[in-house]
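I set out to record what can be read from the coordinates, chain by chain. The entries below follow the order in which I looked things up.

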Amino acid sequence: MKYRVHIRVMPRGGLLDPAGQAVEHALDALGFPEASNVHLGKAIAIDVESGSPAEAEARARAMCERLLANPVTEDFTVELAA
Amino acid sequence: MVRVAVVRFPGSNCEDETLRAVRRSGGEAFEVRYRERDLRDADVVILPGGFSYGDYLRAGAIARFSPVLDAVIRHAADGRPVLGVCNGFQILCEAGLLPGALVRNEGLHFVSRPVAVRVERADTVFTSEYRPDQIIRIPIGHGEGRYVAPPDMLEELEGERRVVLRYVDAGFLDAPANPNGALADIAAIGDPTGLIVGMMPHPERLADPVVGSDVGLGVYRSIVSSLTTAHSH
């Protein structure tokens with residue numbers, strides 16, 4: 001069975017995120033002063049062939065640990081599409 | 001003659017300048033492609049700069065899993081020297097041969113200009129031809145060169161004196177000394193043995209008097225003199 005997996009990779013909290021800051025400044029300049037704490041990350045969608053949802057999620061986590069996220073600077077979340 | 005392999009990935013740059021710089025320094029230089037699994041008895045391997053695999057995902061993240069990296073990791077495990085320049089430094093961090101990571105420059109811009117760096121370690125295979133604390137003017141060109149590491153790792157790097165080059169204010173540049181926001185102004189680090197070094201500056205770009213200076217040639221002269229001495233013992 002194929003499971004659609006959505007992975008989100010975000011810069012680790014506390015690390016300087018210059019891209020997030022730049023977007024926040026742009027939003028402010030465009031009249032959205034209520035926007036704060038902006039962070040830019042990556043969204044990755046993958047079809048995972050697997051025997052069970054739990055296994056698909058475990059494999060996707062392994063993909064994140066091995067390649068998709070940098071353990072020094074990024075955190076990730078894995079979600080299976082309903 | 002000291003044999004130096006220069007690895008070429010899809011998207012590498014300055015590999016020809018690196019080959020030339022090694023030859024000008026009296027070494028034997030040859031190119032190894034990213035698909036090869038053998039470094040052909042190289043004494044030293046250099047991972048050049050560039051944008052391997054378009055920097056997709058993260059700079060160096062895909063190159064780290066190319067076939068040649070297994071050979072580079074074995075070469076390093078045998079205690080043989082490895083130098084990563086710019087994208088090569090990013091690849092060494094991604095491969096776990098050096099600690100930490102290189103992330104987007106603080107100012108977000110790609111920065112291509114000379115910087116001043118101080119040689120903090122003049123006793124590595126790649127820096128022995130410089131004087132300790134020598135300040136050199138050398139080019140950089142990168143968008144993701146901000147060195148970061150967890151606080152305990154930074155402490156370890158400083159405690160073990162593993163910072164090899166550090167950005168400094170030398171008074172001859174009309175620009176911030178630290179071009180990218182690197183923690184502790186780190187421009188280059190080494191592993192505990194000093195045989196694996198990663199640096200953001202591009203020494204091969206300043207390795208011929210015809211471009212105004214050959215100060216970068218010191219890196220390649222260091223390789224040749226260090227290994228020639230080692231061979232004769």
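**Chain A: dimensions and elements**

I began with the radius of gyration of chain A, which is 16 Å, whereas a compact globule of 82 residues would have one near 12 Å. I note at the outset that this is a predicted model. I then took the extent of the C-alpha trace of chain A along its principal axes and obtained about 50 × 30 × 15 Å. Of the 82 residues in chain A, 16% are buried.

I listed the secondary structure of chain A next and found two helices and three strands. Read from the N terminus, these elements of chain A follow the order β-α-β-α-β. I also looked at sequence separation: among contacts in chain A between residues at least 6 apart, 65% join residues at least 24 apart.

**Contact between the chains**

I turned to the contact, to which chain B gives 13 residues and chain A gives 10 residues. On the side of chain B that touches chain A, I sorted the residues by class into seven nonpolar, three polar and three charged.

**Nonpolar cores**

I searched for nonpolar cores and found that the largest has 75 residues. Within this core, the residues with the most contacts are B:V4, B:V45, B:L92, B:A187, B:M199 and B:I223. Helix α5 of chain B, residues 217–232, supplies the largest share of the core, with six residues. I recorded a second, separate core of nine residues, which includes A:V5, A:C64, A:A69 and A:V78.

I followed B:V45 in more detail. Leaving aside residues up to four places away in sequence, B:V45 touches B:A5, B:V7, B:L39, B:V72, B:H75 and B:V82.

**The sheet of chain B**

I traced an open sheet of nine strands in chain B, with mixed pairing and the order β3-β1-β4-β6-β13-β12-β11-β8-β9. Strands β3 (28–33) and β9 of chain B stand at the edges with a single partner strand each, so one side of each has no neighbour in the sheet. The twist from one strand to the next averages 25°.

I examined one pair within the sheet: β12 of chain B, residues 186–190, and β13(B) pair in the antiparallel sense over three bridges. Here B:A188 has B:M199 in β13(B) as its bridge partner; B:M199 is also among the residues with the most contacts in the largest core.

**Helix α3 of chain B**

I checked the burial of helix α3 of chain B, residues 87–94, and found eight of its eight residues buried. Among them are B:F89, B:I91 and B:L92. I then asked which strands the buried residues of α3(B) pack against, and found β4 (44–47), β5 (49–50), β6 (82–85), β7 (101–103) and β13 (196–199) of chain B. Just after α3(B), B:G96 takes a positive phi of about 80°.

**Positive phi outside glycine**

I noted B:D55, which is not a glycine yet has a positive phi of about 60°. B:D55 sits in the loop between β5 and α2 (67–77) of chain B. B:D55 counts as partly exposed because it has 18 C-beta neighbours inside 10 Å.

I noted B:D133 as well, also not a glycine, with a positive phi of about 70°. Its place is the loop between β8 (111–119) and β9 (135–142) of chain B. Because B:D133 has 10 C-beta neighbours inside 10 Å, I entered B:D133 as exposed.

Conventions:
Residues are numbered from 1 along each chain as its sequence is written. Chains are lettered from A and ligands numbered from 1 in the order in which they are written. This is a predicted model: local features need pLDDT of at least 70, side-chain atom pairs count only at pLDDT 80 or more; totals for chains, interfaces and linings use all residues. A residue is buried if 20 or more other C-beta atoms lie within 10 Å of its own, exposed if 12 or fewer, and partly exposed in between; C-beta atoms are placed from the backbone. Helices (H or I, at least four residues) and strands (E, at least two) are DSSP runs, numbered from the N terminus. Two residues are in contact if their C-beta atoms, placed from the backbone, lie within 7 Å. Ala, Val, Leu, Ile, Met, Phe, Trp, Tyr, Cys and Pro count as nonpolar, Asp, Glu, Lys and Arg as charged, and the others, Gly among them, as polar. The radius of gyration is taken over C-alpha atoms; the globule rule is 2.2 Å times the number of residues to the power 0.38. A nonpolar core is a set of buried Ala, Val, Leu, Ile, Met, Phe, Trp, Tyr and Cys residues joined through C-beta atoms within 7 Å. Two strands pair if DSSP finds at least two bridges between them. Axes are lines fitted to C-alpha atoms, for helices over the stretch in contact, and angles run from 0 to 180 degrees between N-to-C directions.
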